[in-house]
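Trainee: I would like to go through a structure that is new to me. Could we take it step by step?

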Amino acid sequence: MSQTPKLTLPKELEVYRKQIEGTIKPFVKISASKRRTTLFQSKFAGDPYLPKTTEHPKDANNKPMKLLAQINYEEIPVLKEMPTQGILQFFISAEDDVMGLDFDHMTSQRNFKLLFHPHIERDESLLISDFSYMYDLNTDYFPIQHELALTFSVDYEPVSIEHYKIDELLETVDLNLEVSDGEDVKELWEIYSDTFLGDGHKMGGYPFFTQGDPRDSQKRYVDHEILLLQIDSDDDHGIMWGDSGVANFFIRKEDLLNLNFSNVIYNWDCY
């Protein structure tokens, strides 16, 4: 992994460089492009890798869920604590008007589901290839319009503005401090937010929210520290969460190391 780069900071934050750079984490940046993929490749939407011995995940109404994302870990740069092989899949209910979200029980996989395949079956004759049983689903609520192929690169970022630990991580930085550029007066948090929002598609690093970090208000989830996946709204590629929102999946470090994906937070919010 390449050396951590020096951050480019607005002049108002330069005095706090040491504190901000102390929060830097690597993450895997995800870039999407509209093209067909194989059953094995990483993707947003499209057809899943699914051995014939594996049942297609179903929602609370016993309808097959639609593939939201598929990550083949053999294709991504090595990132600490993330798997180095296997395929992880994210399914959500295609017909649910809140896109699989359970506001009260964010880890309840009733209308979303994660599947992990630690060993990849290369014999395509042993995989499901006919997904015609999905054709009758009403996908009006589904957030991704078409299949997208994914590519990956490593990047670095400091703590994002809405992260539930920002006050702890930047405890010596007064983000409520007012500064002037000669014309406008702003608080430092506005400048920080403009610079380090945490948006985009990614794995690892720090998340982006439009309404705030649910781990801040629901303390039972504070151990879900690792950003397993973030999918942002992306007009150019036909991705839209409500009104320009974002979706995140969080996992506990212990669960990730044990490849246990049964206790994952799924959250999305919008403006």
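Mentor: We shall discuss the overall fold, the interior and then the salt bridges.

Trainee: What kind of model is this?
Mentor: This is a predicted model.

Trainee: How many helices and strands are there in the chain?
Mentor: The chain holds five helices and twelve strands.

Trainee: How does the radius of gyration of the chain stand against that of a compact globule?
Mentor: The two agree, because a compact globule of 271 residues would have a radius of gyration near 18 Å and the chain has 20 Å. Along its principal axes, the C-alpha trace spans about 65 × 40 × 35 Å.

Trainee: And what share of the residues is buried?
Mentor: Of the 271 residues in the chain, 51% are buried. The chain exposes about 13500 Å², and carbon and sulfur atoms supply 44% of that area.

Trainee: What part of the contacts comes from residues far along the sequence, 24 or more positions apart?
Mentor: Among contacts with a separation of 6 or more, such residues account for 74%.

Trainee: Let us turn to the interior. Which residues of the largest nonpolar core touch the most other members?
Mentor: That core has 40 residues, and Phe90, Leu228, Phe249 and Tyr266 touch the most other members. At least two residues of this core come from each of β1, β3, β4, β5, β6, β10, β11 and β12. The largest share, four residues, is supplied by β10.

Trainee: What does phenylalanine 249 touch?
Mentor: Not counting residues up to four places away in sequence, phenylalanine 249 touches several residues, including Leu68, Phe90, Phe112 and Leu114. Its list also includes Leu228, Ile265 and Tyr266.

Trainee: What does the second core include?
Mentor: The second core is separate and has 19 residues, among them Leu13, Ile166, Leu175 and Tyr206.

Trainee: Back to β4, then. Why is strand β4 described as largely enclosed?
Mentor: Strand β4 covers residues 87-92, and six of its six residues are buried, so the rest of the structure largely encloses the strand.

Trainee: Which residues lie on each side of β4?
Mentor: Ile87, Gln89 and Phe91 are on one side, while Leu88, Phe90 and Ile92 are on the other. Both faces are covered, as these residues are all buried. In general, side chains in a regular strand alternate between the two faces of the sheet.

Trainee: Which strands pair with β4?
Mentor: Strand β3 (residues 66-72) runs antiparallel to β4 and is joined to it by six bridges. In that pairing, glutamine 70 stands opposite glutamine 89. Strand β5 (residues 112-117) also pairs with β4 in the antiparallel sense, over six bridges. There, phenylalanine 90 of β4 stands opposite leucine 114 of β5.

Trainee: Now a helix. Which residues of α3 are buried?
Mentor: In helix α3 (residues 188-195), Leu188, Ile191, Tyr192 and Ser193 are buried. The buried residues of α3 pack against α1, α2, β7 and β8.

Trainee: On to charges. How many salt bridges are found in the whole structure?
Mentor: A search of the whole structure finds 14 salt bridges. One of them joins arginine 17 and glutamate 21, whose closest N and O atoms are 2.6 Å apart.

Trainee: Where do arginine 17 and glutamate 21 lie?
Mentor: Both lie in helix α1 (residues 17-21), four residues apart, which is about one turn of the helix. As a general matter, an α-helix has 3.6 residues a turn, so residues three or four places apart point the same way.

Trainee: Is arginine 17 buried or exposed?
Mentor: Arginine 17 is buried, because its relative accessible area is 14%, under the 20% limit. Glutamate 21 is partly exposed, at 27%. Glu14, Arg17 and Glu21 are linked in a network of salt bridges.

Trainee: What does lysine 11 meet in a salt bridge?
Mentor: The side chain of lysine 11 meets that of glutamate 12, at 3.3 Å from N to O. Lysine 11 is exposed, with a relative accessible area of 66%.

Trainee: Lastly, what is lysine 253 in contact with?
Mentor: Lysine 253 lies in helix α5 (residues 253-257). Leaving aside neighbours within four places in sequence, lysine 253 is in contact with Glu81, Asp223 and Ile226. Lysine 253 is partly exposed, with a relative accessible area of 44%.

Conventions: Residues are numbered from 1 along each chain as its sequence is written. This is a predicted model: local features need pLDDT of at least 70, side-chain atom pairs count only at pLDDT 80 or more; totals for chains, interfaces and linings use all residues. Side-chain values use heavy atoms; hydrogens and water are left out. A salt bridge is a side-chain nitrogen of Lys or Arg within 4 Å of a carboxyl oxygen of Asp or Glu. Buried means under 20% relative accessible area, exposed over 50%, partly exposed in between (1.4 Å probe, protein chains only). Two strands pair if DSSP finds at least two bridges between them. The radius of gyration is taken over C-alpha atoms; the globule rule is 2.2 Å times the number of residues to the power 0.38. Contact means heavy atoms within 4.5 Å. Accessible areas come from the Shrake-Rupley method with a 1.4 Å probe; for residues, only the protein chains shown count as cover. A nonpolar core is a set of buried Ala, Val, Leu, Ile, Met, Phe, Trp, Tyr and Cys residues joined through side-chain atoms within 4.5 Å.
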